[in-house]
Amino acid sequence: MENKNPNLSYYLRIIAGIYVCYIGVKLIIGFLQGETEMNPIILWASSVLFLVAGLYFLLTSVRQLYQNYRESSKENEAAEDMGTLEEDSDEDCIFESDHSGNADNRANGADCGETETEKQKETIQEKLERLKDRDMEEILADKKK
């Protein structure tokens, strides 16, 4: 059986936690109004146990729902970012032909067929070259002094 809503169990735990807290509070109220003849120690211990268990169910479920919400929103943002990156890279791909009739798919220095890792490698290599150039300029400046 496939669970169509993975958060359903957390919603049910929230409802159960509220109900268990309600039972704990009703026990205390019943004792204070004199409606029960239970042993006070057992009554208070069970009331506290119900309240702690109910709050545990409630708080852990709310926390997990919040984490799931944050993860899904991050995934959606990442998917949107990837969608805009793909759209941008597709817009840069313009096929130009030279005089011999051969198509060249390079536009503005970008290769339309390259993968993301190839693009990342090129970007890293460009950064390294800029750092080397800057370091060389600093060394030359220090020598002139």
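In which helix does Ser61 lie? Ser61 belongs to helix α2, which covers residues 40–92. That helix is a good place to begin a walk through this structure, which is a predicted model.

Let us first take in the whole chain. The chain holds three helices and four strands. Starting at the N terminus, their order is α-α-β-β-β-β-α, with two helices ahead of the four strands and one helix after them. Of the 145 residues in the chain, 14% are buried. The surface that the chain exposes comes to about 12200 Å², and carbon and sulfur atoms account for 57% of that area. Contacts can also be sorted by how far apart the partners sit in sequence. Among those between residues at least 6 apart, 47% bring together residues at least 24 apart.

Now back to Ser61. Is Ser61 buried or exposed? Its relative accessibility is 0%, so Ser61 counts as buried. Leaving aside residues up to four places away in sequence, Ser61 is in contact with Tyr10, Arg13 and Ile14.

Helix α1 comes next on our tour, and it spans residues 8–32. Gly24 is one of the residues in helix α1. Gly24 has 0% relative accessibility and therefore counts as buried. Which residues does Gly24 touch, not counting those up to four places away in sequence? They are Ser47, Phe50 and Leu51. The chain also brings Gly24 and Trp44 to a C-alpha separation of 8.9 Å, although 20 residues separate the two along the chain.

Helix α2 offers another residue to look at, Ala53. Ala53 has a relative accessible area of 28%, so Ala53 is partly exposed, whereas Ser61 in helix α2 is buried. How many residues apart along the chain are Ala53 and Gly17? The answer is 36, and their C-alpha atoms are separated by 7.2 Å.

From here we can turn to the surface. Leu8, found in helix α1, joins Tyr11, Leu12 and Ile15 in a nonpolar surface patch of about 400 Å². Why does Leu8 count as partly exposed? The reason is its relative accessibility of 41%, because a residue is partly exposed when its value lies between the 20% limit for buried and the 50% limit for exposed.

A patch of another kind is made by charged residues. Glu118, Glu122, Glu126, Glu129, Asp133 and Glu137 come together on the surface as a patch of negative charge. Where does Glu122 sit? Glu122 is placed in helix α3, which runs over residues 116–144. With a relative accessible area of 35%, Glu122 is partly exposed.

To look back over the walk, Ser61 of helix α2 and Gly24 of helix α1 gave us two buried residues. On the surface, we met a nonpolar patch that includes Leu8 and a negative patch that includes Glu122.

Notes. Residues numbered from 1 in each chain as written. Predicted model: local features only at pLDDT ≥ 70, side-chain atom pairs only at ≥ 80, totals over all residues. Heavy atoms only, no water. Buried < 20%, exposed > 50% of the residue type's maximum accessible area, 1.4 Å probe, protein only. Contact = heavy atoms within 4.5 Å. Areas by Shrake-Rupley, 256 points an atom, 1.4 Å probe, with all protein chains shown as cover. Patch = residues over 30% accessible without salt bridge, like charges linked within 9 Å, V, L, I, M, F, W, Y side chains within 5 Å. Salt bridge = Lys/Arg side-chain N within 4 Å of Asp/Glu carboxyl O. Lys, Arg positive; Asp, Glu negative; His and termini not counted. Charge placed at Lys NZ, Arg CZ, Asp CG, Glu CD.
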